[in-house]
Amino acid sequence: MSTRFLRHFFEPRTIAVIGASEKSDSLGGLVIRNLLEGEFPGTLWAVNPKGYDNVHGQPAFSRVSQLPEVPDLAVICSPVATVPGRIARLGSFGCRAALVLSGGSHLDEARDGKASIRSRMLDAARASGIRVLGPECMGLIVPGRRLNASYANQTIKRGKVAYLGQSGMLGTAMIDWAAGRGEGFSHLITLGDSVDVMLPDLLDYINQYSPSQAILLHLEKVMDAQHFMTALRDASRNRLVLAIKSGRTPQSDLTGLPPTPGIANRDQVFDAAFSRAGVVRVHDSDELFDALMTLSRMKPLRGDRLAIVANGLGPAMLAIDKLIHAGGKLADFSEETRDALNRGNFDMSKPGENPVDLGGNATPEKLVDALEIVAADPGVDAVLVVHAPTRLAPSKVTAQALVANRKRFRRNLLTSFMGLEEAFSARHECNLAGIPTYVSPEQAVKAFMHMVDYQRVQALLQETPPSLPFSTTREIRARCRKLIETVKAEGRETLTHSETARVLEAYGIAVAPSRYVATPEEGAEAAAAFEGAMALKVVHEGNCRPFRYRKHPHRLSAGLLQDLRTPEQVAEGVTLLGDKVAEKYPAFEVREYCLQPMQRGKHSMQVCAGITRDPVFGPVVVFGIGGYKVNILADRQVALPPLNMRLAEDMVERTHVARLIHEHSGDPHRDIDRLCQLLVKLSQMASDLVELRGLEINPLLLNRDEMVAVDFAMDLGQPARFAILPYPEELREWVTLKNGWEVEVRPIRAEDAPLITRFHEQLSEESIRFRYFHNKADLTQRDLSMLSHINYDRQMAFIAEHLREDGGKEMLGVVRVWNDPDNIRTEFSIIIRDDLQGLGIGSLLMNKMIDYCRSIGTLEMIGKIMVDNHPMRALMKRLGFKQRYNMEEQVVDAVLRLNEPESEWQRHRLESLPD
């Protein structure tokens, strides 16, 4: 997890190509030719043990040690068996970056008493600190620096799109696709099967240093989900990110990882990860460029309502079918729009309705007039023009009319000029004008839905959610953790039904009235507590694991007796179930029997909810239809914790459960809100109880009176590593100020946006100027999102919060830090309310942040202070910061060393020397 030395890959002044010769099949020779044809402005050397004087006119040497100076970048093209030794020699020579194009099928095999080639490559890299990109990568291309260190077969235009991929061959295909569409790249990099530099490292580098406006990602696998999600979310906040992933099916997944319990296809987890990061996912390579064209050329949408204007009803209906199937909406026209369309006699098939069928005799002028009317409708978010060539309206002439009149259209415009020969020139006209254009109406609709999805995921990424409906206390967490410790001390991985019920109730999740018994006599006695029919379940090791039905679906109801009505029947049931377990599962010990009243007659919906653990992304919240239908309906939705109410609502609304509620519930808002609260509680449980491996509540009954968990199971595992760091509850503390106020100092959370708004309103103009270096009267929605919805992996903000006498809360001050990806430096800012200065809040918050940054290994803290901010400069002096005047920015830099560097590259970074 580091951008250390990556500059040497992208801005080299000198390059050594190892294994280069002038043979026609020489990989190194191809690289040198590409560098020369690309007019690389730096110095090139070839290294080949055969002792050539030169290769393609460039000086050649037998050994790396003979080079006149240390190269910034080494490109290794020699046989893969020699690569570990090459990396070791380059590292000891002082080289900081090695690009390995060599590859083979036995990289992971240990041979002749030696470790695998991959292991030896990584060991050699770690010994000297050299960064290694590869093996089996295509190389890297930076057109803006005339750098083409690859075996690609054609040049690339300079552009504002960065492509980062894990497949070399797909990279070369991407170059050809882009050339055919006239697209360019700022960077094109393939990692191959890289041992050191990983995709998140490159994402961090591109996000920090590249001028690119968009990033295209190709994924095959993710090694470190936390690093990946941190880098991806940071990048997505600043630029458009599109992703395509291979290995979507079990047949094409080559990772060899075990399945995720409770999820039929692990690819769903990647969908959830991309959505959470604000990334648009596409499913094929053509779609990748279509989505890029749409998202880079269209203005932000207000909604998902599409209007269609066509010169024939058949193509328009194809577009509608695709739109509805993809989850979009066909716009409803206003009365004014219908009247205008009818007056102009525009629509041939469905007058005044959407789609607008102009007919085969429509001229370009008539199309433009109809478009102007439709695009002015406030109920329309975008308009799709579907056109087939006619004698009255040739494709190119129609396209030219659209381009010439485009300022008359108030909404985003997409076009589909159907055909190949005549339509080609029309699509070219639209491309030149920057109007998204597609071969087929279905393709256009798919691109429109990418825009809808992008708006949705970006809104979720920057959402400032309402207050959490539930918050755990220290006592709740301690009680549940003690129970888990007791279970583990007994050598168990699973909790009993009664133990799981205790955990659920602690987190505010209602469970069905239950009595737990061990003998027939206890069963008969417990039965007296219930009226009416009862259900009896035996609990043993074989049936108290969550999501077990995927392995044994025929045993879903095994160990259950229903409609028991008397104490005698319950006692007999205990004996019967115990005998059945002893007969069928002699190795399993019966732990308890659970007696519950039958849950009937309330028109309840059966829901399934829980927590599972993915081998890559860690804890995952699952939700969908419950009961026996889990084996039939593909309704299981997943989301990465932590969840807030907005994210939970987005998850619920994507299920059949939500559709059934909207259709049949007397109060859909109430029921959806109940389910969202449940999912937030499960998310909190996953965050608090890190050893919880799986939890399944199935069925969970939802009706107009209540929501109650009937059956459930929980198991334990090793402490989880989260893809997105949850809220750090352990950093909360309570202190008393000089004026006697009890104040909580805690990390900020996304739900604090209202607190931040009220706090900002109480600041003076001078305090705002000292904090933001300019007057900032109001905070925008984006400001609030950036300030409250932080990534705890790289940022931290502590607020001082006071509970007023009226029960409301107020924010007294806040301190923030932003860490660089390598955790070398962190930049701080702090602001205290004007009316509370002198109470020690500034020192309190700064000391809290200094201690935190020291604990996570940050080396240096730095802040920029306006020259006339004398109180802040005095505080920094008391805290031990060194202060120096920054003439370039005309501010005071305050610097505090927190930890000493442990390696040379860290020392380089601290001293701001070239790395």
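**Salt bridges, a cavity and some backbone oddities**

Colleague: Let's start near the C-terminal strands. Which residue does Lys864 form a salt bridge with, and how far apart are the closest N and O atoms?

Modeller: Lys864 pairs with Glu889, and the closest N and O atoms are 3.5 Å apart. Keep in mind that this is a predicted model.

Colleague: Where do those two sit in the chain?

Modeller: Lys864 is in strand S36, while Glu889 is in the loop between strand S37 (882–886) and strand S38 (891–897). The pair links distant parts of the chain, 25 residues apart.

Colleague: And is Glu889 buried or exposed?

Modeller: In between, in fact: Glu889 is partly exposed, with a relative accessible area of 43%. Lys864 also counts as partly exposed, at 27% relative accessibility.

Colleague: Which residues are joined into one network by salt bridges that share partners?

Modeller: There is a network made of Glu493, Glu541, Arg545, Arg591, Arg693 and Asp715. Within this group, Asp715 and Arg545 form a salt bridge, with their closest N and O atoms 3.7 Å apart.

Colleague: What does that pair tie together?

Modeller: Asp715 lies in strand S30 (residues 712–716) and Arg545 in the loop between strand S22 (534–540) and strand S23 (560–564), so the salt bridge ties together parts that are 170 residues apart in sequence.

Colleague: Why does Asp715 count as buried?

Modeller: Because its relative accessibility is 7%, and the cut-off for buried is under 20%. Its partner Arg545 counts as partly exposed, at 27%.

Colleague: Another pair caught my eye. What is the N to O distance between Arg769 and Asp868?

Modeller: That one is 3.0 Å, and the two side chains meet in a salt bridge. Arg769 is in helix H24 and Asp868 in the loop between strand S36 (860–865) and helix H27 (870–879), so to speak a link between distant parts of the chain, 99 residues apart.

Colleague: How accessible are the two?

Modeller: Arg769 has 28% relative accessibility and counts as partly exposed. Asp868 is partly exposed too, with a relative accessible area of 36%.

Colleague: How many salt bridges does the count come to?

Modeller: The count comes to 51.

Colleague: Changing topic: how many cavities of 30 Å³ or more does the structure hold?

Modeller: Three. The largest cavity has a volume of about 110 Å³. It is lined by 14 residues, and the closest to its centre are Phe759, Tyr772, Leu787, Val814 and Ile831.

Colleague: Which elements supply at least two residues of that lining?

Modeller: Helix H23 (753–761), helix H24 (765–772), strand S34 (809–819) and strand S35 (825–832) each do so.

Colleague: What's the lining like by class?

Modeller: The lining of the largest cavity has 10 nonpolar, two polar and two charged residues.

Colleague: On to Gln226. Where is it, and is it buried or exposed?

Modeller: Gln226 is in helix H7 (residues 225–238). It counts as buried, at 11% relative accessibility. Beyond its neighbours within four places in sequence, Gln226 contacts Arg721, Phe722, Ala723, Leu725 and Asp793.

Colleague: Now the backbone. Which peptide bond that ends at Pro135 is cis?

Modeller: The bond from Gly134 to Pro135 is cis, with omega near 15°. Pro135 lies in the loop between strand S7 (131–133) and strand S8 (139–142). The peptide bond from Asn354 to Pro355 is also cis, with omega near 15°, and Pro355 is in the loop between helix H11 (335–343) and strand S17 (356–357).

Colleague: What is phi of Phe5?

Modeller: Phi of Phe5 is near 65°, a positive value in a residue other than glycine. Phe5 lies in the segment before helix H1 (7–10) and is buried, with a relative accessible area of 3%.

Colleague: And what about Glu39?

Modeller: Glu39 has a positive phi of about 60° although it is not a glycine. It lies in the loop between helix H2 (27–37) and strand S2 (43–47), and at 53% relative accessibility Glu39 counts as exposed.

Colleague: Last one: where does pLDDT stay under 50?

Modeller: Over residues 550–557, for which the model has 12 contacts beyond four places in sequence. Where pLDDT is low, the predicted coordinates should not be read in detail. The chain as a whole averages a pLDDT of 90, and 97% of the residues score at least 70.

Definitions and conventions
Residues are numbered from 1 along each chain as its sequence is written. This is a predicted model: local features need pLDDT of at least 70, side-chain atom pairs count only at pLDDT 80 or more; totals for chains, interfaces and linings use all residues. Side-chain values use heavy atoms; hydrogens and water are left out. pLDDT is the predictor's confidence in each residue, from 0 to 100. Contact means heavy atoms within 4.5 Å. On a 1 Å grid over the protein atoms alone, a cavity is a set of points where a 1.4 Å probe fits but cannot get out, and a pocket is an open set with protein on both sides within 12 Å along at least five of seven lines; lining residues have an atom within 4 Å of a point. Grid points are joined across faces, edges and corners, and a volume is the space filled by probe spheres set on the points. Helices (H or I, at least four residues) and strands (E, at least two) are DSSP runs, numbered from the N terminus. Ala, Val, Leu, Ile, Met, Phe, Trp, Tyr, Cys and Pro count as nonpolar, Asp, Glu, Lys and Arg as charged, and the others, Gly among them, as polar. Buried means under 20% relative accessible area, exposed over 50%, partly exposed in between (1.4 Å probe, protein chains only). A salt bridge is a side-chain nitrogen of Lys or Arg within 4 Å of a carboxyl oxygen of Asp or Glu.
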